[in-house]
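The following note sets out points on the structure shown below, for a colleague's consideration. It begins with a polar contact and then turns to charges, burial and separations in the chain.

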Amino acid sequence: MDIVDGTGRAPVGDPRERPIVILLCGLPGSGKTTFARQRERETGAIRFSTDEWMADLGLDFFDALRDNVQARLDRLWVQLVGRGLSVILEDGTWQREERDEIRRIATQLGARTELHYFDVPFNELWRRLEARNVRPPYGAVPITREILEDSRLRLQRPDRAESSLFDRFVLHR
Ligand SMILES: Nc1ncnc2c1ncn2[C@@H]1O[C@H](COP(=O)(O)OP(=O)(O)O)[C@@H](O)[C@H]1O
Ligand SMILES: [Mg+2]
């Protein structure tokens, strides 16, 4: 018997399919959460947003427990992928080193890897954030122009060489 859901697609967790680790890279306001939610609805892959977990736990965005929460979530997604489930990691991953580490673990677990880079011009990011700041959605905090400028300096953009190391690379503009 074929294992398919109502859409005719093999569901996430089908033992015949390798799980996918979907990594989202981009600055605040670039559309990561919007995309992750849509992808979650379409595929049933499990979405990881540290910001939302902090909110769920009643913790402030910048609470000192953030590192503990992050470490626990990292263990959880690794466990899920090990069980054959696909995950969406939407935290932004600005550092090349972080992305290398996630790719290494995913590959070791036999998962496919997908990198999405959200390359949105600064002015457009600021336009979106100004609008979002009026009433930040659950788990989001207001982002000032200074924070955005600082993030831009810290982001290590995936280059061509890095993107070719993933099974799939998608550029969102
Ligand atoms: N492709 C897009 N075009 C225009 N606006 C978008 C797009 N994707 C998201 N937005 C809007 O921009 C804001 C930031 O999106 P969000 O998904 O929260 O970004 P991030 O999670 O990267 O910070 C939201 O208000 C969202 O509705
Ligand atoms: Mg977000």
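1. In this predicted model, the side chain of arginine 39 makes a polar contact with the side chain of histidine 116 at 3.5 Å. A polar contact is here a pair of N or O atoms within 3.5 Å; within protein, one must be able to donate a hydrogen and the other to accept it, and residues adjacent in sequence count only if both atoms are side-chain atoms. Arginine 39 belongs to helix H1, residues 32-43. Its relative accessibility is 13%, so arginine 39 counts as buried. Buried means under 20% relative accessible area, exposed over 50%, and partly exposed in between, with a 1.4 Å probe and protein chains only. Helices (H or I, at least four residues) and strands (E, at least two) are DSSP runs numbered from the N terminus.

2. On conventions, residues are numbered from 1 along each chain as its sequence is written, while chains are lettered from A and ligands numbered from 1 in the order in which they are written. Local features need pLDDT of at least 70, side-chain atom pairs count only at pLDDT 80 or more, and totals for chains, interfaces and linings use all residues; side-chain values use heavy atoms, with hydrogens and water left out.

3. Threonine 93 merits inspection of its backbone. Its phi is near 35°, a positive value in a residue other than glycine. Threonine 93 sits in the loop between S3 and helix H4 (96-108), and it is buried, with a relative accessible area of 7%. The backbone oxygen of threonine 93 is reached by the side chain of arginine 99 at 2.8 Å. Arginine 99 is a residue of helix H4 and counts as buried at 0% relative accessibility.

4. How many salt bridges does a search of the whole structure find? The search finds 19, a salt bridge being a side-chain nitrogen of Lys or Arg within 4 Å of a carboxyl oxygen of Asp or Glu. Side chains of opposite charge can pair when their charged atoms come close.

5. One of these pairs joins glutamate 162 and arginine 96, whose closest N and O atoms are 3.8 Å apart. Because glutamate 162 lies in helix H7 (residues 160-163) and arginine 96 in helix H4, the pair ties together parts that are 66 residues apart in sequence. Glutamate 162 is buried, at 1% relative accessibility, whereas arginine 96 is partly exposed at 27%.

6. Helix H4 also holds a salt bridge between arginine 103 and aspartate 100, with an N to O distance of 3.2 Å. These two residues are 3 apart in the helix, about one turn. Arginine 103 is buried at a relative accessible area of 14%, while aspartate 100 is partly exposed at 25%.

7. Helix H5 (residues 122-134) contains both glutamate 124 and arginine 127, again 3 residues apart and about one turn of the helix. Their side chains meet in a salt bridge of 2.9 Å, N to O. Glutamate 124 is partly exposed, with a relative accessible area of 22%; arginine 127 is exposed, at 52%.

8. Salt bridges also link Arg37, Glu40, Arg47, Glu52 and Glu90 in a network.

9. Asp74, Asp91, Glu97 and Glu98 form a negative surface patch. Patches are made of residues with over 30% relative accessible area and no salt bridge, like charges being joined within 9 Å and nonpolar side chains (Val, Leu, Ile, Met, Phe, Trp, Tyr) within 5 Å. Asp and Glu count as negative, Lys and Arg as positive, and His and the chain ends are not counted. The charge is placed at NZ of Lys, CZ of Arg, CG of Asp or CD of Glu, and accessible areas come from the Shrake-Rupley method with a 1.4 Å probe, where for residues only the protein chains shown count as cover. Aspartate 91 is in strand S3, residues 87-92, and is partly exposed, with a relative accessible area of 34%.

10. Two buried strand residues complete the note. Phenylalanine 48, in strand S2 (residues 46-48), is buried at 5% relative accessibility. Its C-alpha is 14 Å from that of tyrosine 138, and the two are 90 residues apart in sequence. Leucine 23, in strand S1 (residues 20-26), is buried at 0%. The C-alpha atoms of leucine 23 and leucine 80 are separated by 15 Å, with their positions 57 residues apart along the chain.
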